[in-house]
Each structure stands twice: as structure tokens, then as C-alpha cells.
Amino acid sequence: MSAEDEFRPAEQLAQQLKDRIRSEGPLPVSVFMAEALLDPMAGFYATKDPLSAGGDFITAPEISQMFGELVGLWAAEVWGQMGAPDPVRLIEVGPGTGRMMSDVLRAARAAPGFLDAASLHLVEASAALKMVQGRTLASAPLQARWESGLEKIAAGPSIILGNEFLDCLPIRQAVRHNGVWRERVVGLSPQDTGRFIFGLGPHLSEVDINEIAPTLRDAEDGTLVELRLSDATVIDQIAQRFKTHPGYALFIDYGSDAPEAGDTLQALKAHQKVEPLDAPGTADLTAWVDFDRIARLARNAGLDVYGISHQGDFLKGLGVEARAAALARTQDEAGQAKIARQLHRLTAPEEMGTLFKVIALCSPGLPPAPGLDAF
Ligand code: SAH
């Protein structure tokens with residue numbers, strides 16, 4: 001028997017969740033999602049690097065260096081717009097393999113003084129990915145420090161970047177049933193075969209109902225809505241920072257730009273969609289980001305909001321086509337074809353171009369975020 005056979009974290013995690021359901025009753029979707037992603041021993045992010053070649057999914061910075069480079073130019077530009085503060089904290093939430101940040105830092109060299117003024121802070125929950133980030137950034141011009149949350153980073157001027165971070169924050173779901181909203185929960189099949197199944201839990205409180213977009217609050221029976229309460233925490237932390245010191249934040253993710261009903265919880269394993277409740281810890285669980293909600297939360301918190309733009313338009317506005325042409329000039333025919341494919345994946349409407357959205361938040365009164373219109 002190999003060591004791997006003896007230690008099966010995913011099975012242990014499933015067992016742990018089953019025991020918990022048997023003693024506490026069905027769990028809100030958010031609890032299941034948080035455990036499946038972040039359990040320190042067996043959570044999906046905690047245990048492996050899902051972004052590696054042959055991993056579970058691929059993100060824009062892993063597709064092409066052009067993505068991080070343009071984000072780096074964006075960061076350098078907003079630093080100038082803030083009045084070139086020194087020191088400035090350059091923060092990334094959910095940095096994955098560290099690839100985007102390494103491209104950001106290379107491109108940011110173009111802005112004289114920016115990297116001299118900057119310190120680098122990575123907010124990462126996964127021990128395994130922290131190690132990968134450390135390796136990727138080993139020879140980067142700035143030395144990374146890891147933090148467990150935005151609130152841990154000392155106050156001061158800051159630039160916050162997050163690609164595909166908001167989509168993995170745990171969501172709750174609610175279903176309209178007989179004219180009332182009920183929490184969607186995860187329980188065990190009645191035969192107790194050990195399969196996780198969805199069910200209806202307690203009525204939503206008035207406070208929770210107020211989190212549902214007004215246009216959906218009186219929806220017909222059977223409607224499913226998602227409550228992204230963690231978004232409010234993130235926006236609140238950013239607002240606290242940006243109220244006392246200048247700052248810009250940039251978030252790129254997949255999602256909708258208007259409130260919509262429907263179940264968007266999805267699980268990806270080895271690039272294939274799988275059932276979200278099967279084998280917690282072995283697949284990535286994400287849900288569509290509600291950009292309209294992010295924009296409204298940020299504005300209510302006193303921030304200026306730019307976007308919501310499509311990733312394709314945003315990258316083109318920042319000059320991705322010129323960058324691709326410059327890179328292609330150094331390549332042979334095969335290299336040029338590869339760059340053309342990367343550009344297509346990042347920007348074409350049928351690829352990531354329109355599904356992925358971009359939003360920027362900043363301290364009130366700062367100049368407009370580059371490449372984005374006022375919300
Ligand atoms: N930005 C990277 C990775 C996206 S995957 C890219 O575009 O390739 C999501 C990242 O967020 C991973 O690094 C994951 O470990 C991290 N993450 C997920 N939930 C988190 C949380 N609650 N706090 C901090 N990091 C989190």
C-alpha cells in the first residue's frame with residue numbers, strides 16, 4: 001500500500017461534511033463551498049495547484065503574458081494618477097501561481113520610480129499556492145509578503161488587483177417556494193447512501209431578503225437566487241482603506257453585469273464540468289460574480305466606480321493588439337500563430353472577451369480608471 005492510499009484527504013473531507021450534516025443538519029451552500037475550497041487539509045485550493053499544466057482550469061494570466069503586462073501598465077498609470085505616492089502598497093488578492101504578478105512587475109518597470117516606491121502584498125488562503133507563488137516570484141524585483149486578508153495590510157496608498165478571485169468567494173443560494181424565500185442547503189440523500197443532495201432549508205430573514213436585487217425579490221415560485229455576502233466584506237475592507245488614503249482596485253472575473261436569477265454554481269475538474277456536490281475538495285467550485293452588486297456596494301460605501309466593461313474591450317483599449325504585434329515580431333511562424341491564438345482567447349466574444357468583465361473602484365475624486373468608463 002502506498003502512502004497515497006493511506007491518506008485520502010478528499011475522502012476524509014467528504015466524511016467530515018457528512019458527520020457534520022448528521023449532527024447539525026443540512027448546511028448552507030456557502031458552508032459547503034467554503035469547506036470544499038479552503039479546508040486546510042483537504043480543500044481544493046489548500047491541497048494542490050489547480051492551475052498547473054494538466055490542472056483543472058486555466059485563467060487569463062496563464063493563457064498569455066500579455067494579460068499581466070497590461071494590468072501592470074494599468075497599475076503604473078493609476079500610481080501616477082494618485083500622485084506617485086511613496087510608499088505605495090501593491091496588493092494582489094488570490095494570486096494563483098503568481099504568474100500575473102510576475103508579468104505585472106516586469107511591465108511596471110516602464111514607470112520610473114513605481115517599483116522603488118512599491119511593496120508587494122499577496123493575499124492568499126492556500127498554503128500550496130503560496131509556495132508556488134514564492135517560486136514564481138523568486139527573482140522578481142520586489143519581495144512578496146503574504147497576508148491572510150486585506151484588513152491585515154497596514155493603511156496607506158494602495159493598488160489592489162484581483163483576477164478570478166471574487167468567483168471563488170462562497171455564495172449562499174435561496175429558492176422561492178410557496179411565496180417565500182428559503183435557504184438552499186446541502187444534505188444527505190434520504191437513503192443515507194452518503195450522497196450529497198440539495199434541499200430547502202429555513203426561511204430567509206428580512207436582512208437576507210434585502211440582499212436580493214429588488215427586481216428579483218418577488219419572483220415566481222421555483223426561482224433560484226444567489227446571495228454573495230462575502231462581496232460586501234471585501235468591498236467594505238477596500239472602502240476603509242481608500243477613505244483614508246488614495247487607492248485603486250481592479251477586479252476581473254466572469255459574471256453578469258445585471259442582476260439575474262439562476263443557479264451559477266459550477267464545479268470544474270481537469271477542465272470538465274462535474275457535479276458541484278460530488279467529491280468536495282477535488283473540483284474547483286465557483287459562481288458567477290454579480291458585477292452590478294459590486295458596483296452598487298462600492299458606490300454606497302463612498303467609492304468611485306468605473307466599468308463594468310468586457311475583458312475584450314478593456315484589453316483592446318489598453319493596447320493588447322499592439323502588444324501582440326510587438327511580441328509576434330520576435331517569433332517564427334509557429335510562435336506568431338500561438339500569440340494570435342492567445343489574443344483570440346483573451347478578447348474574442350465567443351471566448352473570454354465578453355463573459356469576463358472588468359470593474360475598477362477608487363477613492364472618491366481620483367482621475368478616471370484607465371480603459372474604463374464611469375459606471
Ligand atoms: N488570480 C489567479 C488565480 C485565480 S484562482 C489567476 O488568475 O490565475 C483563485 C485564487 O484565489 C487562488 O489563488 C485561491 O487560492 C485564492 N483564494 C480563494 N479563496 C480565497 C480567500 N478566501 N482568501 C484568499 N485567497 C483565496
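A polar contact is a pair of N or O atoms within 3.5 Å; within protein, one must be able to donate a hydrogen and the other to accept it, and residues adjacent in sequence count only if both atoms are side-chain atoms. This is a predicted model: local features need pLDDT (the predictor's confidence in each residue, from 0 to 100) of at least 70, side-chain atom pairs count only at pLDDT 80 or more, and totals for chains, interfaces and linings use all residues. Residues are numbered from 1 along each chain as its sequence is written, and side-chain values use heavy atoms, without hydrogens or water.

**Exercise 1. Find the polar contacts of the ligand.**

Step 1. List the surroundings. Among the 17 residues around the ligand (a heavy atom within 4 Å), Thr59, Gly94, Gly96, Glu124 and Asn163 come nearest.

Step 2. Take the ligand's oxygen atoms. A polar side-chain atom of glutamate 124 is 2.5 Å from one oxygen atom of the ligand. For glycine 96, a backbone N or O atom lies 3.0 Å from an oxygen atom of the ligand.

Step 3. Take nitrogen. A polar backbone atom of asparagine 163 lies 2.7 Å from a ligand nitrogen atom.

Step 4. Check the cover. On its own the ligand has 570 Å² of accessible area (Shrake-Rupley method, 1.4 Å probe), and the protein covers 94% of this.

**Exercise 2. Place threonine 282.**

Step 1. Locate it. Threonine 282 sits in the loop between strand 12 (272-274) and strand 13 (284-286). Strands (E, at least two residues) and helices (H or I, at least four) are DSSP runs, numbered from the N terminus.

Step 2. Is threonine 282 buried or exposed? Its relative accessibility is 16%, so threonine 282 counts as buried. Buried means under 20% relative accessible area, exposed over 50%, partly exposed in between (1.4 Å probe, protein chains only).

Step 3. Find its partners. The side chain of threonine 282 makes a polar contact with the lysine 269 side chain, at 3.5 Å. A polar side-chain atom of threonine 282 also lies 2.7 Å from the backbone oxygen of alanine 279.

**Exercise 3. Describe helix 12 and its ends.**

Step 1. Start at the N-terminal end. Aspartate 290 caps helix 12, with a side-chain oxygen 3.3 Å from the backbone nitrogen of aspartate 292.

Step 2. Pick out the buried residues. In helix 12 (residues 291-300) they are Phe291, Asp292, Arg293, Ile294, Ala295 and Ala298.

Step 3. Look just past the helix. There, glycine 302 takes a positive phi of about 95 degrees.
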